[in-house]
Amino acid sequence: MRRPTLAAALIVKDEEDNLPGCLASLDGAVDEIVVYDTGSTDATVQIAERAGARVQRGYWDGDFARARNAALEMTSAAWVLSIDADERVVGDPGALRALLARADRVDLLAVRIRNVGPGGGGETHEHPAPRLLHRNRVRWTARLHEHPVRRDRGTVSKDLCPREVLRLDHLGYADADTVAAKIRRNQEIAQAQLDSVVASGEVDPDLLPRVLLNLGRSHLAAGELQRAVDALETLREMFSSGPQYLEGTAALAELLATNGPQEAAFVLADELQEVGSDPRFCDWVRAQALVGLNRPQEALVLLLGIDELIDPIGRVRSLEGVTMLQVTAAERAGETDTAAAALIVAMVRFGRVEGQGVRLLRLWGARPSSWLADLLLAVDHREHLDAVLTELRSCPGPGPDVAEIS
């Protein structure tokens, strides 16, 4: 029997809603699918088995790396694609096989993950992540936000998979209770990681910054802002360089820019720019702080200069947030034309539709409906135009007329 070249490995629990779409996207892209189930009580296992996946009924102990390594050991494939149930494969399977045949000298390939939100809308950013692993050379480590290391403890060699060959679309979870439960779980795992490090009495310069960053991110996701600040400031006090320092500083800068004290956000933005972060990201932080300080005209000048948003660790973010802040800053500065133009883009391109129709019509004023219809049709990437027209039909005044003309 021929040994598989490429396998997909999943760890799952109660994923009956997301799993079918993931498995369908894998059809024809991999030689086999292995699933490590951590205790599902729904139809997850049966769905995976019906799709032809090999399933192992395992357990959950709060350690993502252990579970991913268990899935890794279920296959003998040379390469393993680590994928989650709320992700979908997009790419060229033939080109992927050709790439893997030439990639024997690397331990892993980073794959671009495009965050698109539930239902495929609301893209926030795209970032590379280590997802294609040479099974015999690497394994996973870290309970939360796990990452690959070489089995022989050497330096991991890696390359970037071209996005046209393979990317993953991350849909996320629409159900608020599911999201909240996952956030609480991550908080618990991050705190357990930190407790374990502290109990060991050793300061591992590779592990500790990851643990502090994980804890800060988990608290931030939970809306526990002071706890997030405490964790991120501890990270910055103990470490002054490296990717975790950069990511932690960026997260802290944005947190302070929107929640205060805004003056501290300016300091962090300057610090990030001094160490080589993209100036446009630093201006994004400054603009948020300026809006918080009620200095909208200054903020608008910065926002209009941001044509791409790349954070300090290289993630390319959507301009949705920038565009919506343009709307707010322009409104407060009394520049209604600029506000209307930005809101049109936010609605048509990024799907910020619900409740925005009345706002757009107010900004548009008494100008001809046909002009507004022309602007709606002129936006590049009109993925959400139908939703915008539906919104306008429900609005008073010229809204239905604009929708009819468009």
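Buried denotes a relative accessible area under 20%, exposed one over 50%, and partly exposed a value in between, computed with a 1.4 Å probe and protein chains only. The structure is a predicted model, in which local features need pLDDT of at least 70 and side-chain atom pairs count only at pLDDT 80 or more, while totals for chains, interfaces and linings use all residues. Residues are numbered from 1 along each chain as its sequence is written, and side-chain values use heavy atoms, with hydrogens and water left out.

**The whole chain**

Begin with the entire chain displayed as a C-alpha trace, which spans about 70 × 50 × 40 Å along its principal axes. The radius of gyration is 23 Å, which agrees with the value near 22 Å for a compact globule of 406 residues; this radius is taken over C-alpha atoms, and the globule rule is 2.2 Å times the number of residues to the power 0.38. Switch to a cartoon to display 17 helices and 13 strands, where helices (H or I, at least four residues) and strands (E, at least two) are DSSP runs numbered from the N terminus. Of the 406 residues, 49% count as buried. Contact means heavy atoms within 4.5 Å; among contacts between residues at least 6 apart in sequence, 66% join residues at least 24 apart.

**Two loops with positive phi**

Select His-145, in the loop between strand E8 (138-141) and strand E9 (147-150). His-145 has a positive phi of about 50° although it is not a glycine, and at 31% relative accessibility it counts as partly exposed. Continue to Arg-153, in the loop between E9 and strand E10 (158-160). Phi of Arg-153 is likewise positive, near 65°, in a residue other than glycine. Arg-153 counts as exposed, with a relative accessibility of 78%.

**His-219 in helix H6**

Next, select helix H6 (residues 207-221), in which His-219 lies. His-219 is buried, having a relative accessible area of 3%. Leaving aside residues up to four places away in sequence, the contacts of His-219 are Gln-187, Glu-224, Arg-227 and Ala-228.

**A cis peptide bond**

Move to the loop between helix H8 (243-259) and helix H9 (262-274), the place of Pro-261. Display the backbone of Gly-260 and Pro-261: the peptide bond joining them is cis, with omega about -5°.

**Helix H12 and its surroundings**

Select residues 320-333, helix H12, whose 14 residues reach 20 Å from first C-alpha to last, close to the 20 Å expected; the expected span is 1.5 Å times one less than the number of residues. Show the side chains of the buried residues, among them Val-322, Met-324, Leu-325, Val-327 and Ala-330. Then add the elements against which the buried residues of H12 pack: helix H10 (279-292), helix H11 (296-303), strand E12 (309-310), helix H13 (336-348) and helix H14 (357-364). Just after H12, Gly-334 takes a positive phi of about 80°.

**Trp-364 in helix H14**

From H12, proceed to Trp-364, found in helix H14. Trp-364 is buried, with a relative accessible area of 8%. Apart from residues up to four places away in sequence, Trp-364 touches Trp-371, Leu-372 and Leu-375. To end the tour, draw a distance from the C-alpha atom of Trp-364 to that of Val-90: the two residues are 274 residues apart along the chain, and these atoms are separated by 40 Å.
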